[in-house]
Structure formats: C-alpha cells, structure tokens
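I opened my notebook for a friendly look at how the side chains pack in this one. Here is what I looked up, entry by entry.

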Amino acid sequence: MQFPAFLDSVPDAIKPWLVLVLTMLVAIVIALVLHHAGIAVLRRVLARHPYLQGITSATYRASRSVAVLFAVRVVLSGAPDNTPHIAGVSYIATILLIIALTWLAHRCIYAVSETTVRLNPYDIADNLRARRLLTQTRVLTRSAHAIVALIGLSFVLLSLPGARQIGASLLASAGVAGLVAGIAARPVLGNFIAGLQIAFTQPIRIDDVLIVEGEWGRVEEITGAFVVVRVWDERRLIVPLQWFIENPFQNWTHSSASLLGTVFLWLDFSVPLEPIRQEFDRLCKSSDVWDGRVKVVQVTDTSDRAMQVRFLVSAGDSGKAFDLRCFLRENLIAYIATNYPGALPRLRADIDAGGRAALEEARPQTEQGSSPAP
C-alpha cells in the first residue's frame, strides 16, 4: 500500500490503521449527510400526516446509529487482510451493527404502536373499535419486541466464532436440564400463547368492565404475562393471561358498553302502582345518566307479606347504570315513605278471642310485679 509523504514518519504498524481511520471518518460524514437528507425527505413526504411524523422522530437516533455503523462496516470489509487486528475489530463492528439494527426495529415497533394509539383514542363515548385496536396493538407490540430481541441475540451469537459449536455442545448435554427447563418455562410459554390468542380473539380489551373472582373492575393494562384489573375501590387485581383462556368470567362491555340496571323494592299489597310508575317516569327523565332506551315497572314476585316490584332502566355504561340505580332507589323510597307511609312491608298478626283473654289475664300480674316461673 502506498502512503502519502507525511506518513513516512509514522511507524509501519500504525500506518494501515491511520489510513483506515481517516477513511472511516470520511465514510461516517457521508453517511450522516445521507441520513439527514433521507430524514428531511421523509418528513416532507409525511407533512400532511402529523401523526406519522412521530415515526421519524422516534427512529431518528437509532437510524443514525445504523447509518454510521454500516459505513464503518463497509470500510472494514474493504481493508487489507494483513491489517493488524482487523478480524477482531470487524467482529466488534458487526455485533454493534446488529445491536443497532435491533434497536431500530424496536423503535419502529414502538413508533407504529404509538401512532396507532393516537389515531384511535379510546377516551370517547363509543370506543369499542378503539379499545379493540388498542388491545391488539399493545399485546402484539410486546410480542414483537420479544421476537426482535430474540432474533437480534441469535444473530449476535451466530456472528461470533465458535458460537455454533458452543450451541451444539449445550444442546448435546441438555438432557435432563432441558426437560426441567421446558417444564419451568411452560407457564411463560402458556402466557405468551394466551397473549396472542387474546390479541386476535379479544375476549377482553383495554378498559373493558369485568367481573373476575367476584370483583368488579376495569382492564387497566395487558402485559406479556398478566392482566391488571383496576377494582372499583382502586385496588389492582393481577390475573395471569392464561387464566382468561381457561376460566369463565363476565365481560360487561364485550359488544357494547350499554347496560340494563334493576331496582327491586318490596311493597305492601295495598300500594297503588300507577302513581309510583308516574314518579318513576319523572325521575328517569330528570336524570342525565338515563339513556332513554328502557324504563319498565313490573311486579315480578309476591310473598305472604308483600309484593316485589322491579324497576328496569338502561344506561350508557356500567358506571352510569350504578349511579342511576342508586338515584332511583333513594328517590323512590323517599316518595313512597312520604305519600304512602303504609306501603312499605309490614308484619301482620291476628289475635283471636282466646289470645285476647290470655293477655288480659296476664296484665294484672305484670302490673303487680309478678314474674313468670323460670
């Protein structure tokens, strides 16, 4: 290799690397210029789509690292084979390039998922489609991150000398250890597969209202291993993903958030139903949580003491249905107690002539302070 005159004073062992480093710097500058120009063009193309501009911002640093390391790797691949330590440096550059590519893939997955979430906000009234997309995005994003990390690690190991021999030796000596590891990893693999099944079949979604183990709550988060259910009193119920595949549960918002609510009152047989029905209609129309679909009053049961009256109403979601039920229950009881004080259930008892005589007989003894024999 011919060197410029100013390198004559440099030791022969350092000259190849000095030229190589200078070439790398030139290649890195060219890579940065091309990267900047490419990002500028991409941003101009996405100017009409503000939500998609976040993809370029999220992947800027990772893509710049890939461009720089790719330029370095190209320069190293063209270096003479007799350059000192060129093999080791090439392996390091290759590993760094694989790591940078893995990082870029992670950032692309993150950018796509965040863009999908922003394009489909679920803090609206009719959010069924948005919650479906959000659940699929969250679960598939975590799965994609795990797969990309596994592929990146595999390529790093394959790029190292002797990695295949080490892997073959480990597999040959796995034996009982492999069996134990398989048994130990079964819950992890089960949750991973359950997560994919939940993402595609969607028995639950983000912000769904569930009854799990007798607890009422909303799905707050779906991770790669478990589901976080926010219970009504701010507790958090942690449930493995596989549990939702293997056990029955109630989903109050699976197809729609609308819900029917009931109020049951036991009333005396003498109470007139028509005034109570009119008051019920008035209360429903005065409430801002009633959605106007259903309002029904029916006698659904009787006993030897009273009749059961069911007030059936509808609301936009489970929270509004609960508030509406409490509102109706309080106001109906107040209305009945004010206008029909005898309408609430009472215990009736009839005393015949013999019983009345016994009471008259016992009264003087009580007044004289006598007490019955023990």
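**Entry 1: one phenylalanine.** The model is predicted, and I began with Phe311. Leaving out residues up to four places away in sequence, I found that Phe311 touches Gly261, Thr262, Val263, Leu265, Ile276, Phe280, Val296, Val297 and Leu332.

**Entry 2: the core around it.** Next I looked up the largest nonpolar core, which has 21 residues. Phe311 is among those with the most contacts inside this core, along with Leu267, Ile276, Phe280, Leu328 and Leu332. I then asked which elements give two or more residues to this core. They are the strands β6 (259-267), β7 (290-302) and β8 (307-315), and the helices α8 (273-286) and α9 (318-339). The most comes from α9, with five residues.

**Entry 3: a second core.** Apart from that core I noted another, of 18 residues, including Val117, Ile198, Leu210 and Val227.

**Entry 4: α9 itself.** I checked the length of α9: at 1.5 Å a residue, its 22 residues should span 32 Å, and the end C-alpha atoms are 31 Å apart, which agrees. Then I listed the buried residues of α9: Ser318, Ala321, Leu324, Leu328, Leu332, Tyr335 and Ile336. They cover an arc of only 115° around the axis, so they sit on the same side of α9. Glu330 and Thr338 are exposed on the other side of α9.

**Entry 5: neighbours and cap.** The buried residues of α9 pack against β1 (209-212), β2 (215-222), β6, α8, β7 and β8. Last, I looked at the N-terminal end of α9, which Asp317 caps with a side-chain oxygen 3.1 Å from the backbone nitrogen of Gly319.

Methods
Residues are numbered from 1 along each chain as its sequence is written. This is a predicted model: local features need pLDDT of at least 70, side-chain atom pairs count only at pLDDT 80 or more; totals for chains, interfaces and linings use all residues. Side-chain values use heavy atoms; hydrogens and water are left out. A nonpolar core is a set of buried Ala, Val, Leu, Ile, Met, Phe, Trp, Tyr and Cys residues joined through side-chain atoms within 4.5 Å. Buried means under 20% relative accessible area, exposed over 50%, partly exposed in between (1.4 Å probe, protein chains only). Helices (H or I, at least four residues) and strands (E, at least two) are DSSP runs, numbered from the N terminus. Contact means heavy atoms within 4.5 Å. The expected span of a helix is 1.5 Å times one less than its number of residues. The arc is that of the directions from the helix axis to the C-beta atoms. A polar contact is a pair of N or O atoms within 3.5 Å; within protein, one must be able to donate a hydrogen and the other to accept it, and residues adjacent in sequence count only if both atoms are side-chain atoms.
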